[in-house]
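Thanks, everyone. I have one chain to show you today. Please take a look at the screen.

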Amino acid sequence: MTEQATAVARPRIARLADGIFQILGQKPSCHVYLIRGTGKNVLIDAGLPTAIDHLDSCLAELGISRDDLHLVLLTHEHIDHVGAAPLLFGRTVIAAHRLAANKIALKDEFAMMSKAFSAAVEGFRVDMWLDGDITVHLGDYRLRVLHTPGHSSGCVCFHEPDHGLLFSGDTLMAGGVMGGIFGSGNISDYINSLELLKTLRLNAVYPGHGRVSTTPAEDIAKALSRSRELLDETKILFDAMNSTRHFEQLLRSTRDLNA
Ligand SMILES: [Fe+2]
């Protein structure tokens with residue numbers, strides 16, 4: 001038997017709970033989650049534009065199509081999470097935090113990390129700008145929107161409080177892996193967001209990449225420890241910089257305004 005013949009096909013869909021499915025991302029695209037509530041069908045994240053055929057075929061396997069999606073919730077503005085969203089327009093409402101929505105609407109390539117994924121940015125309308133204390137009711141599930149900046153300024157997690165679930169995007173991954181700090185991200189905000197997640201009673205974390213976690217408390221503790229180390233490293237890096245030279249250009253622009 002050839003090596004090719006013995007290869008085991010990688011699963012495309014994982015059933016995580018009643019009505020909750022993980023459509024596994026084809027790297028480097030993110031995982032997409034489908035929640036089939038008794039009231040509404042919700043997608044969390046959309047993946048890269050090139051992942052749309054994979055998404056379509058997985059939805060078909062689950063017995064629905066794009067037109068059956070009532071809401072698409074985006075965890076943040078990075079292209080590997082939002083790139084396919086404009087292809088889902090139809091009867092679907094697309095929602096993201098306002099600090100992600102504005103970057104998407106303005107086609108902010110730097111903030112969306114399009115070059116890192118060799119993907120073209122297509123600016124699109126985000127129908128619902130999430131801000132404040134918002135809960136989405138799906139019938140048997142409800143999702144609380146938690147603003148968790150750090151990986152980027154527009155990051156949110158979706159918390160299902162009745163079942164102790166967290167759809168964490170790139171904010172928290174299994175093993176306490178963090179998503180890194182890019183573009184509009186900030187380490188102090190990241191630490192604050194992890195402190196917020198620490199207060200939740202969680203049974204599972206459903207991340208944007210990697211495996212599902214059933215040890216949220218340990219993961220958050222590890223991520224907090226790592227993030228504080230990162231803050232210290234940032235301070236060392238700042239001290240090592242020639243601050244006069246680095247800030248001269250910024251200060252000059254202010255002085256020019258006053259001239
Ligand atoms: Fe990201």
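I'll go through the overall make-up, the sheet, one helix, the core and then a few backbone details.

Before anything else: this is a predicted model. Keep that in mind throughout.

Start with the totals. The chain has 259 residues, and 40% of them are buried. It contains eight helices and 12 strands. Now look at the contacts between residues at least 6 apart in sequence. Of these, 62% join residues at least 24 apart.

Next, the sheet. What is the strand order? It reads β1-β2-β3-β4-β5-β6-β7. That is an open sheet of seven strands, and the pairing is mixed. Which strands sit at the edges? β1, residues 13–17, and β7 do, each pairing on one side only. On average, neighbouring strands here are turned by 25 degrees against each other, direction ignored.

Let me zoom in on the β7 edge. β6 and β7 run parallel, and three bridges join them. One residue pair to find on screen: A96 has W129 in β7 as its bridge partner.

Now the helix over that part of the sheet. α4 lies across β6 and β7. Its angle to β6 is about 115 degrees. The helix covers residues 98–105. Which of its residues are buried? L99, A100, A101, K103 and I104. Note the lysine in that list: K103 is buried too. What do these buried residues pack against? Two strands, β6 at 93–97 and β7 at 128–130. Two helices as well, α3 at 79–82 and α5 at 109–112. After α4 comes K107, with a positive phi near 50 degrees.

On to the core. The largest nonpolar core has 60 residues. Which have the most contacts inside it? V72, L74 and A95. Take V72. Leave out residues up to four places away in sequence, and V72 touches L43, A46, A85, L88, T92, I94 and A95. So A95 appears twice: among the residues with the most core contacts, and as a contact of V72.

Now the backbone details. There is a cis peptide bond between K27 and P28, with omega at about 10 degrees. P28 is in the loop between β2, residues 20–23, and β3, residues 32–36.

Then two positive phi values to compare. D45 is not a glycine, yet its phi is near 70 degrees. It sits in the loop from β4, 41–44, to α2, 52–61. Buried or exposed? D45 has 27 other C-beta atoms within 10 Å, and the cut-off for buried is 20 or more, so D45 is buried.

M113 is the other one. Its phi is positive, about 60 degrees, and again this is not a glycine. M113 is in the loop between α5 and β7. Here the count is 19 C-beta neighbours inside 10 Å. Because that falls under the cut-off of 20, M113 counts as partly exposed.

Last stop, G132. It is in the loop between β7 and β8, the latter at 135–137. G132 has 7 other C-beta atoms within 10 Å, and 12 or fewer means exposed, so G132 is exposed. Its C-alpha is 9.4 Å from that of H97, and the two residues are 35 apart along the chain.

To recap the main view: an open sheet of seven strands, with α4 across β6 and β7. Over to you for comments.

How values were computed
Residues are numbered from 1 along each chain as its sequence is written. This is a predicted model: local features need pLDDT of at least 70, side-chain atom pairs count only at pLDDT 80 or more; totals for chains, interfaces and linings use all residues. Helices (H or I, at least four residues) and strands (E, at least two) are DSSP runs, numbered from the N terminus. Two residues are in contact if their C-beta atoms, placed from the backbone, lie within 7 Å. A nonpolar core is a set of buried Ala, Val, Leu, Ile, Met, Phe, Trp, Tyr and Cys residues joined through C-beta atoms within 7 Å. Two strands pair if DSSP finds at least two bridges between them. Axes are lines fitted to C-alpha atoms, for helices over the stretch in contact, and angles run from 0 to 180 degrees between N-to-C directions.
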